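The exercises below are meant to be worked with the sequence and the structure in view. Try each task before reading its solution.

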Amino acid sequence: MSTSDSRYLRGGPVAQRIIDSVRVAAAEARNEGFPPKLVSITVGDVDAVDVYVRNQRAKAGLAGIDFEERRFPADVTARELEAAIHGMNADPRVTGIIIQRPVPSHIPVKALQSAVHPLKDVEGMHPASIGNIVYNQLDLAPCTAAASVELLKETGLDLKGLEVVVVGHSEIVGKPIAFLLMSEGATVTVCHHMTRSLAVHARRADALFVAVGKPRLIKADMVKPGAAVIDIGINAETLPDGTSRIVGDVDTESVKEVASWITPVPGGVGPITVAILLRNTMVALNRQRELYRASYAVGDQPQGRIAAE
Ligand SMILES: Nc1nc(=O)c2c([nH]1)NC[C@@H]1CN(c3ccc(C(=O)N[C@@H](CCC(=O)O)C(=O)O)cc3)C=[N+]21
């Protein structure tokens, strides 16, 4: 099948739709005195992060969200990072903070994530935010997980009672996907590196999500005919001629002959991930405005109102 085949679940159009609605909301908020601004924190140099940040900057520009990148050297201390985050928490001009993963091993990423004020946690990774998705409050979820579920919904499959298998149980992707899908009524099995027979589980899935970072882990004989396959892997592969390209965790060439829907890599989940981050920034902004209204019980103006009256 060619890339125009309808079995390919392409992320571009979905991302565009989300960005279009974010653009309208962001312009409105800006007019009302609340310009949305996203701050990205990167520690050290990681290629996968660079692609992500580059796309964040570009798409934030299209959506009318201000974007600032804060880069820290790999040898920065956890205390220095926490101090920087506390500064951003206190800065009313900062709407959202995203800590790009991975961070160097001497930095405890969980403590860092917890330092971000929950109202500014646009990644949905603060323990309080993760708690929300357990309690079925789904409007702000970890971006890659939310993006993957958004793409499954494009198939039109009814999620209620759907047999879903998630391969990978990371905090940032696999676990949140499982919670989001449980909330939507799916029957969810989560597999990971200790699972005895991955193929037996995977073959039962009407929808198969894969996020483990192993190129071509999923082959055609592990997929149920007619299934939807959502490939979340991003792996760099060096070709014999020395050039490199990005491949997912699914052996797309063979699996596409069995599956009814499959996400390409690149061009699948990735573009939607960025769009969801921007949508989350607007959700965070609205929560902050809500708190502002409730706290001051004045018109929705950012400053000067009380003094002027
Ligand atoms: N806290 C945190 N959350 C993340 O979600 C997170 C992270 N850290 N660290 C890095 C990885 C990587 N990641 C990508 C997201 C989108 C694209 C993306 O837009 N890809 C496009 C374009 C690729 C290209 O331009 O070459 C595509 O797949 O078509 C790539 C990579 C999110 N991650």
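**Exercise 1. Find the domains into which the chain of this predicted model is divided, and state how far apart their C-alpha centres lie.**

Step 1: Domain 1 is made of two stretches, 12–120 and 271–295, while domain 2 covers 156–259.

Step 2: Between the C-alpha centres of domain 1 and domain 2 there is a distance of 27 Å.

**Exercise 2. Set out what UniProt places at residues 9–123 and at residues 142–288, and describe each span in the model.**

Step 1: For residues 9–123, the unreviewed UniProt entry gives the feature "domain: Tetrahydrofolate dehydrogenase/cyclohydrolase catalytic". In the model this span is 50% helix and 16% strand, and its end C-alpha atoms lie 24 Å apart.

Step 2: For residues 142–288, the annotation in the unreviewed UniProt entry reads "domain: Tetrahydrofolate dehydrogenase/cyclohydrolase NAD(P)-binding". Here the chain is 34% helix and 19% strand, with 19 Å between the end C-alpha atoms.

**Exercise 3. Describe the shell of residues around the ligand, beginning with those that come nearest.**

Step 1: The shell holds 20 residues, of which Y52, N55, R101, P266 and G270 come nearest to the ligand.

Step 2: When the shell is sorted by element, at least two residues are supplied by each of α2 (47–63), β3 (96–99), α6 (143–153) and α10 (269–296). Helix α2 gives the largest share, which amounts to five residues.

Step 3: When the shell is sorted by residue type, 12 residues are nonpolar, six are polar and two are charged.

**Exercise 4. Work out the strand order of the five-stranded open sheet, and then place helices α6 and α7 on the sheet.**

Step 1: The strands follow the order β5-β4-β6-β7-β10, and their pairing is parallel. The edges are formed by β5 (187–191) and β10 (261–262), each of which pairs on one side only.

Step 2: Strand β4, residues 163–167, runs parallel to β5 and is joined to β5 by five bridges. As an example of a bridge, V164 has V188 in β5 as its partner.

Step 3: Helix α6 packs on this sheet by touching β6 (207–210) and β7 (228–231), and the direction of α6 makes about 155° with that of β7. Helix α7, residues 174–183, also packs on the sheet, where it touches β4, β5 and β6, and the direction of α7 makes about 170° with that of β5.

Step 4: Taking the exercises together, α6 supplies at least two residues of the shell around the ligand and also packs on the sheet.

Notes. Residues are numbered from 1 along each chain as its sequence is written. This is a predicted model: local features need pLDDT of at least 70, side-chain atom pairs count only at pLDDT 80 or more; totals for chains, interfaces and linings use all residues. Domain bounds come from an automatic or database domain assignment. UniProt positions are given in the numbering used here, feature names are shortened, and annotations may be inferred rather than shown by experiment. Helices (H or I, at least four residues) and strands (E, at least two) are DSSP runs, numbered from the N terminus. A residue is near a molecule or strand if its C-beta atom, placed from the backbone, lies within 6 Å of it. Ala, Val, Leu, Ile, Met, Phe, Trp, Tyr, Cys and Pro count as nonpolar, Asp, Glu, Lys and Arg as charged, and the others, Gly among them, as polar. Two strands pair if DSSP finds at least two bridges between them. Two residues are in contact if their C-beta atoms, placed from the backbone, lie within 7 Å. Axes are lines fitted to C-alpha atoms, for helices over the stretch in contact, and angles run from 0 to 180 degrees between N-to-C directions.
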